Amino acid sequence: MLRNQLQRKLAFANEDAKKRTDSHTFRLKSFRGDDWYTIAIDDKTCDCEEFQAKAGRCEHLNALGIHRLRPFRPTTHPTFSQALSGLVKSIRIRKVYDAVYWLLYLDSFKEAQYRFRTARRLLIGSAEDGHSIPVMEQVADSFWKMSKPQCELIKLVAELVRICTLPNWWHPDSGGPDYIYSSLVGQRAWLYKRWDRKLVTLQREIQKAIEKKNRAMAIGGVMAFTDLQETFGATKQAEFLLKQAENMGHDLAARLCRVHLTAKSALSGDNNFLCQAAWLMAGGVSPIAEIIASVTTEECHELLEKAKERWRNPQPIPRFYCDGIHSAGDDPRFAGMLPEMWAVCMAFQHYGRLDPNDVWLPEFQCYDGLVIETGHGARKD
């Protein structure tokens with residue numbers, strides 16, 4: 001039933017998007033007031049003041065998933081950031097052989113901070129690229145050990161495999177397309193929302209959204225913590241949402257908040273666990289939320305040996321692993337930004353697979369939640 005509902009939603013969004021890609025230039029209403037700005041999609045320009053001040057970057061283009069990318073020349077031995085991007089994207093599209101390949105390379109950077117960054121990305125990836133709470137708990141339980149240089153690499157391989165064993169958010173079997181769509185629309189709704197930027201207001205709005213089962217506004221509210229006039233860090237956010245979950249008797253959401261709190265210093269700038277908690281409390285459903293697969297030492301050693309064999313004849317890092325946003329690169333399709341993440345869901349719905357060799361079509365772009373004006377007049381979704 002859930003899968004059929006998601007397929008219908010994806011099909012509707014696909015058809016609706018086609019109707020709105022009849023122009024490469026359109027007007028977008030300001031997030032801060034009543035002004036309108038002209039967006040040129042092909043030129044990646046916006047005529048707002050921020051675009052001029054920040055050398056071609058602004059919140060309007062970001063909301064649309066339009067980015068000015070960084071120069072990139074693929075090499076066999078990329079920078080740490082590019083290789084880390086390769087690891088993240090491999091997990092995201094479930095290319096486990098590639099993920100272990102890049103994990104092995106990342107381990108060649110011996111300074112302690114590099115191992116910490118690698119382990120942290122695995123921890124974040126368990127939530128950013130998965131919906132299994134037992135998997136997140138397992139990775140979090142291993143995190144501090146994995147973050148130490150003396151921890152054997154095979155332990156990191158095991159947690160990587162554990163994440164990749166289950167379907168990611170772009171697959172309907174995970175329930176994830178609803179989560180990504182709700183996140184995208186909710187983020188945009190809060191960009192337009194007129195409110196006083198006070199903590200008590202935001203907390204009340206999140207509680208209201210949860211009570212009304214408005215998944216988009218609940219997730220968007222969690223993301224809006226960064227817009228407060230006062231500082232309210234991720235730890236306090238987790239404690240606030242944990243209290244909501246406990247009051248509701250929502251065990252899964254409470255567990256997500258507790259996972260965040262077990263590694264709060266490493267997750268001070270991350271809200272993936274908290275957004276999922278809000279989604280669940282507002283009625284989100286993932287069929288794999290309580291599933292975890294076993295991982296054997298033998299399969300991990302086999303993957304590691306194959307990765308070592310591949311490194312005897314290394315090839316340049318594929319372009320689709322370097323998004324140009326988080327590292328130098330020119331292919332943002334698999335970046336962890338909501339417009340791109342929804343486009344991935346649309347690509348899977350369209351092709352029935354997720355293959356970097358497939359062409360991303362214009363209709364994968366989603367304008368829902370934005371106030372735009374085309375040749376057909378103003379429209380708000």
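Start by selecting Ala55, which is exposed at 66% relative accessibility. You'll find Ala55 in the loop between α2 (49-53) and α3 (59-64). Check its backbone while you're there: phi is positive, about 50°, although Ala55 is not a glycine. Keep in mind throughout the tour that this is a predicted model.

**Two more stops with positive phi**

Now jump to Arg197, in the loop between α9 and α10. Here too phi is positive in a residue that is not a glycine, at about 60°. Is Arg197 buried or exposed? Arg197 is buried, because its relative accessible area is 17%, and the cut-off for buried is under 20%.

Walk on through α10 to Lys213, which follows that helix and has a positive phi near 60°.

**Helix α10**

Step back and select residues 199-211, the 13 residues of α10. Put a distance between the C-alpha atoms at its two ends and you should get 18 Å. That agrees with the span of 18 Å expected at 1.5 Å a residue. Next, colour its buried residues: Leu199, Thr201, Leu202, Gln203, Glu205, Ile206, Ala209 and Ile210. What do they pack against? Show α9 (176-192), α11 (215-223), α12 (234-248) and α14 (272-281), and you have the helices around them.

**Helix α8**

Select residues 153-164 next, for the 12 residues of α8. The end C-alpha atoms are 17 Å apart, in agreement with an expected 16 Å. This helix is mostly covered, with 11 of its 12 residues buried. The buried set includes a few charged residues' names to look for, Glu159 and Arg162, along with Leu153, Ile154 and Cys164. To see what does the covering, switch on α4 (80-92), α5 (96-106), α6 (112-128), α7 (133-146) and α15 (297-310), which are among the elements involved.

**The nonpolar cores**

Two α8 residues, Val157 and Leu160, take you to the next stop: they are among the residues with the most contacts inside the largest nonpolar core. Leu87, Trp102 and Phe225 are on that list as well, and the core as a whole has 112 residues. Nonpolar side chains tend to be buried together in soluble globular proteins.

Zoom in on Leu87. Beyond its neighbours within four places in sequence, Leu87 is in contact with Ala99, Trp102, Leu103, Leu106, Thr118 and Leu160. There's also a second, separate core of 18 residues, and you can get to it by selecting Leu28, Leu64, Val371 and Ile372, which are included in it.

**A pocket and a cavity**

Leu64 is a handy bridge to the second largest pocket, as one of the lining residues closest to its centre. Add Ile41, Gly65, Ile66 and Gln365 to the selection, since they share that list. In total, 24 residues line this pocket, and its space comes to about 640 Å³. Which helix gives the largest share of the lining? Helix α16 (residues 338-351) does, with 3 residues.

For enclosed space, the count is 1 cavity of 30 Å³ or more. The largest cavity holds about 40 Å³. Select Arg94, Ser126, Gly130, His131, Ser132, Val135, Arg162, Ile163, Leu166, Pro167 and Ile288 to show its lining. You've already met Arg162 and Ile163 as buried residues of α8.

**Cysteines and a glycine**

Now show the cysteines. How many disulfides does a search of the whole structure find? The answer is 0. Cys322 shows why: the closest cysteine sulfur, in Cys164, is 18 Å from its own, too far for a bond. Cys366 is in a similar position, as its sulfur is 10 Å from that of Cys345, the closest one, and that is too far for a bond. The cut-off for a disulfide is 2.5 Å between the sulfurs. Cys322 is buried at 0% relative accessibility, and Cys366 is buried too, at 6%.

Finish at Gly329, in the loop between α15 and α16. Gly329 is buried, with a relative accessible area of 0%. Show what it touches beyond four places in sequence and you'll see Cys322 again, along with Leu69, Arg70, Pro71, Phe72, Asp323 and Gly324. For a last distance, go from Gly329 to Met217: the two are 112 residues apart in sequence, and their C-alpha atoms are 33 Å apart in space.

Key
Residues are numbered from 1 along each chain as its sequence is written. This is a predicted model: local features need pLDDT of at least 70, side-chain atom pairs count only at pLDDT 80 or more; totals for chains, interfaces and linings use all residues. Side-chain values use heavy atoms; hydrogens and water are left out. A nonpolar core is a set of buried Ala, Val, Leu, Ile, Met, Phe, Trp, Tyr and Cys residues joined through side-chain atoms within 4.5 Å. Buried means under 20% relative accessible area, exposed over 50%, partly exposed in between (1.4 Å probe, protein chains only). Contact means heavy atoms within 4.5 Å. Helices (H or I, at least four residues) and strands (E, at least two) are DSSP runs, numbered from the N terminus. The expected span of a helix is 1.5 Å times one less than its number of residues. On a 1 Å grid over the protein atoms alone, a cavity is a set of points where a 1.4 Å probe fits but cannot get out, and a pocket is an open set with protein on both sides within 12 Å along at least five of seven lines; lining residues have an atom within 4 Å of a point. Grid points are joined across faces, edges and corners, and a volume is the space filled by probe spheres set on the points.
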